[in-house]
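Thanks for coming. I will take a few minutes to walk through one model, going sheet by sheet and then through a few single residues.

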Amino acid sequence: MIEIHAITIDAADPYEIANWWSQATGWPLAEGDKPGADEVMLRTPQDPFLLFIRVPEGKTGKNRVHFDVNGTEGRTRDEEVERLLGLGATVFQDQRRPDGTGWVTMLDPEGNEFCVCRSEAEKALPE
């Protein structure tokens with residue numbers, strides 16, 4: 001058996017993209033992480049934490065692993081999409097359906113894909 005203690009994300013600027021994800025999630029950066037660092041940790045509520053590391057090459061294709069997220073604090077999927085757009089994310093593919101199901105694939109500022117799904121409260125609503 002193994003235990004996953006970190007999910008590592010390649011980055012052009014680890015501090016900037018970790019800071020963006022900190023704003024998106026509300027999770028803090030590790031104490032002592034500073035601009036220009038080659039590794040920056042985002043402290044999740046429990047392991048695994050997110051580790052952003054500097055790499056020389058840029059992103060060239062689709063991510064093999066991505067995050068699926070949903071709104072908290074009563075925010076709907078659509079409200080969360082708008083909030084993330086305000087933080088600098090972009091819509092990549094809109095998979096929302098007329099019946100309210102579906103998701104939105106977005107890109108963070110470095111082009112990493114993530115999907116915004118319906119919140120648990122939205123899923124519980126009658127169709």
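Before the pairs of residues, one definition: two strands count as paired if DSSP finds at least two bridges between them. What is on the screen is a predicted model, so please hear every value in that light.

I start with the sheet that has four strands. This sheet is open, its strand order is 4-7-6-5, and the pairing is mixed. At the edges are strand 4, residues 67-70, and strand 5, residues 90-94, each of which pairs on one side only. From one strand to the next, the twist averages 35 degrees.

Inside that order, strand 6, residues 104-107, and strand 7, residues 113-117, are paired in the antiparallel sense, over four bridges. To place this pair on the screen, find Val104, which stands opposite Val116 in strand 7. Helix 2, residues 77-87, packs on this sheet and touches strand 5, strand 6 and strand 7. The direction of helix 2 makes about 145 degrees with that of strand 7.

Now the other sheet. Here we have an open sheet of three strands, in the order 1-3-2, again with mixed pairing. Strand 1, residues 6-11, and strand 2, residues 39-42, are at the edges with a single partner strand each, so each has one side without a neighbour in the sheet. The twist in this sheet averages 25 degrees from one strand to the next.

Take the two pairings in turn. Strand 1 and strand 3, residues 49-54, pair in the parallel sense over six bridges, and within that pair Ile7 stands opposite Leu50. Strand 2 and strand 3 run antiparallel and are joined by four bridges; there, Glu39 stands opposite Ile53 of strand 3. The connection from strand 2 to strand 3 is a hairpin through six residues.

Helix 1, residues 14-25, lies across strand 1, strand 2 and strand 3, and runs at about 10 degrees to strand 2.

That leaves the question of how the two helices meet. At what angle do the axes of helix 1 and helix 2 cross? They cross at roughly 150 degrees, and the axes come within 10 Å. Angles over 145 degrees count as roughly antiparallel, and helix 1 and helix 2 are therefore roughly antiparallel to each other. The crossing of helix 1 past helix 2 is right-handed. On the helix 1 side the contact is made by Trp20, Gln23 and Ala24, and on the helix 2 side by Arg83, Leu84 and Leu87. By class, the residues of this contact are four nonpolar, one polar and one charged.

Now some single residues, beginning with Leu50, which lies in strand 3. Is Leu50 buried or exposed? Its relative accessibility is 5%, and the cut-off for buried is under 20%, so Leu50 counts as buried. Setting aside neighbours within four places in sequence, the contacts of Leu50 include Ile7, Ile9, Val40, Leu42 and Phe67. Trp27, Met41 and Thr44 are also among the contacts of Leu50. For a sense of distance across the model, Leu50 and Glu82 are 32 residues apart along the chain, and their C-alpha atoms are separated by 24 Å.

Thr44 is in the loop between strand 2 and strand 3. With a relative accessible area of 13%, Thr44 is buried. Apart from neighbours within four places in sequence, Thr44 is in contact with Trp27, Phe49 and Leu50. From Thr44 to Trp21 the C-alpha distance is 11 Å, with the two positions 23 residues apart in sequence terms.

Pro48 is in that loop as well, between strand 2 and strand 3. The peptide bond joining Asp47 and Pro48 is cis, with omega at about 5 degrees.

The last residue is Glu73, in the loop between strand 4 and helix 2. What is the phi of Glu73? It is near 55 degrees, a positive value in a residue other than glycine. Where Leu50 counts as buried, Glu73 counts as exposed, at 74% relative accessibility.

That is the tour; I will leave the model on the screen for discussion.

Key:
Residues numbered from 1 in each chain as written. Predicted model: local features only at pLDDT ≥ 70, side-chain atom pairs only at ≥ 80, totals over all residues. Heavy atoms only, no water. Axes fitted to C-alpha atoms, helices over the stretch in contact; angles between N-to-C directions. Contact = heavy atoms within 4.5 Å. Parallel < 35°, antiparallel > 145°, perpendicular 65-115°, else oblique. Left-handed = near helix turned anticlockwise from the far one by under 90°. Nonpolar A, V, L, I, M, F, W, Y, C, P; charged D, E, K, R; others polar. Buried < 20%, exposed > 50% of the residue type's maximum accessible area, 1.4 Å probe, protein only.
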